[in-house]
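Dear colleague,

I am handing over the structure below for your own work. My notes on what was found in it follow directly after.

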Amino acid sequence: MSNELTNSPLQAMRKLLKEDARYKYEAYQFIREALQFAHEHLPELTEAAISAESMSKGRPKHITGQQLCEACRRYAIDQYGYLGRMVLGSWGIKSTSDFGEIVYNLIRIEQMRKSESDRREDFDDVYPFDNAFEPEFSLPKVVDDLEC
């Protein structure tokens with residue numbers, strides 16, 4: 001077998017899944033998709049992290065660990081609705097720390113990159129999973145009749 005084939009991204013992913021069985025392949029795919037979702041749909045997450053240097057060199061916008069966790073939350077709601085927590089759980093994701101483990105596994109096999117300031121701990125306790133995927137309701141403001 002050629003060296004090119006044995007070092008392919010697919011081979012690296014297969015090896016990773018054997019070495020670390022905590023997460024299913026779908027969890028890794030979800031992280032990639034959530035990152036793309038962040039770049040396309042969440043400008044408020046990416047604009048704050050753009051540096052003039054990265055834009056001038058044509059590099060993609062950098063997303064911090066906390067921003068990626070928020071993108072994962074929103075993407076899960078967008079894709080799976082109220083079942084987001086259950087779907088992620090079926091892939092082994094039970095906290096924002098799991099997002100970090102997956103990201104750093106992908107960095108290790110050179111399928112993602114990190115900046116010098118990124119740390120694995122950036123993903124810890126970003127939000128509780130217990131209610132992160134539940135709908136957010138807001139009540140309309142009641143106008144007091146006495147104000148008229």
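**Salt bridges and helix packing**

Arg22, with a relative accessibility of 44%, counts as partly exposed. Please keep in mind throughout that this is a predicted model. The side chain of Arg22 meets that of Glu101 in a salt bridge, with a distance of 3.0 Å from N to O. Since Glu101 belongs to helix α8 (residues 96-108), whereas Arg22 sits in the loop between α2 (9-19) and α3 (25-41), the pair ties together parts that are 79 residues apart in sequence. Glu101 also counts as partly exposed, at 24% relative accessibility.

The structure holds 11 salt bridges, and two others deserve a mention here. One of them joins Arg120 to Asp124, whose closest N and O atoms are 2.8 Å apart; here Arg120 is buried, with a relative accessible area of 18%, while Asp124 is partly exposed, with a relative accessible area of 32%. Salt bridges with shared partners link Asp20, Arg22, Glu101, Arg120 and Asp124 into one network, and this network therefore includes the pair of Glu101 and Arg22, which ties the loop between α2 and α3 to helix α8.

The other salt bridge is formed by the side chains of Glu70 and Arg73, at 2.8 Å from N to O. Both residues lie in helix α6 (residues 65-80), three residues apart, which means that about one helical turn separates them. Are Glu70 and Arg73 buried or exposed? Glu70 is buried, and Arg73 is buried as well.

**Helices α3 and α8**

For α3, the 17 residues should span 24 Å at 1.5 Å a residue, and the end C-alpha atoms are indeed 24 Å apart, in agreement with that expectation. The buried residues of this helix are Ala27, Tyr28, Phe30, Ile31, Ala34, Phe37 and Ala38. Glu33, which is also placed in α3, is partly exposed, with a relative accessible area of 30%.

For α8, the 13 residues should span 18 Å at 1.5 Å a residue, and a separation of 19 Å between the end C-alpha atoms agrees with this. How many of the 13 residues of α8 are buried? The number is 11, so the helix is largely enclosed by the rest of the structure. Among the buried residues are Phe99, Ile102, Val103, Leu106 and Ile107, and the list also includes Asp98 and Asn105. The buried residues of α8 pack against α2, α3, α6 and α7 (84-90). Just after the helix, Glu110 takes a positive phi of about 65°.

**How α3 packs against its partners**

The axes of α2 and α3 come within 10 Å of each other and cross at roughly 125°, and the two helices are therefore oblique to each other. On the α2 side the contact is made by Met13, Leu16 and Leu17, and on the α3 side by Tyr25, Tyr28 and Arg32. By class, this contact of α2 with α3 has five nonpolar residues, no polar residues and one charged residue.

With α6, helix α3 packs at an angle of about 100°, the axes being 8 Å apart, which makes α3 roughly perpendicular to α6. The contact is made by Phe30, Ile31, Glu33, Ala34, Leu35, Phe37 and Ala38 of α3, together with Leu68, Ala71, Cys72, Arg74, Tyr75, Ala76, Asp78 and Tyr80 of α6. These residues divide into 12 nonpolar, no polar and three charged. Glu33 and Cys72, both named in this contact, are 39 residues apart in sequence and 8.7 Å apart in space, C-alpha to C-alpha.

The packing of α3 with α8 has an angle of about 90°, with the axes 10 Å apart, and these two helices are therefore also roughly perpendicular to each other. In this contact, Ala27, Tyr28, Phe30, Ile31 and Arg32 in α3 meet Phe99, Ile102, Val103, Asn105 and Leu106 in α8. By class, the contact of α3 with α8 has eight nonpolar residues, one polar residue and one charged residue. Tyr28 and Arg32 of α3 appear in the contact with α2 as well as in the contact with α8, while Phe30 and Ile31 of α3 are named both in the contact with α6 and in the contact with α8.

With kind regards

Definitions and conventions
Residues numbered from 1 in each chain as written. Predicted model: local features only at pLDDT ≥ 70, side-chain atom pairs only at ≥ 80, totals over all residues. Heavy atoms only, no water. Salt bridge = Lys/Arg side-chain N within 4 Å of Asp/Glu carboxyl O. Helix = DSSP H or I, 4+ residues; strand = E, 2+ residues; numbered from the N terminus. Buried < 20%, exposed > 50% of the residue type's maximum accessible area, 1.4 Å probe, protein only. Expected span 1.5 Å × (residues − 1). Contact = heavy atoms within 4.5 Å. Axes fitted to C-alpha atoms, helices over the stretch in contact; angles between N-to-C directions. Parallel < 35°, antiparallel > 145°, perpendicular 65-115°, else oblique. Nonpolar A, V, L, I, M, F, W, Y, C, P; charged D, E, K, R; others polar.
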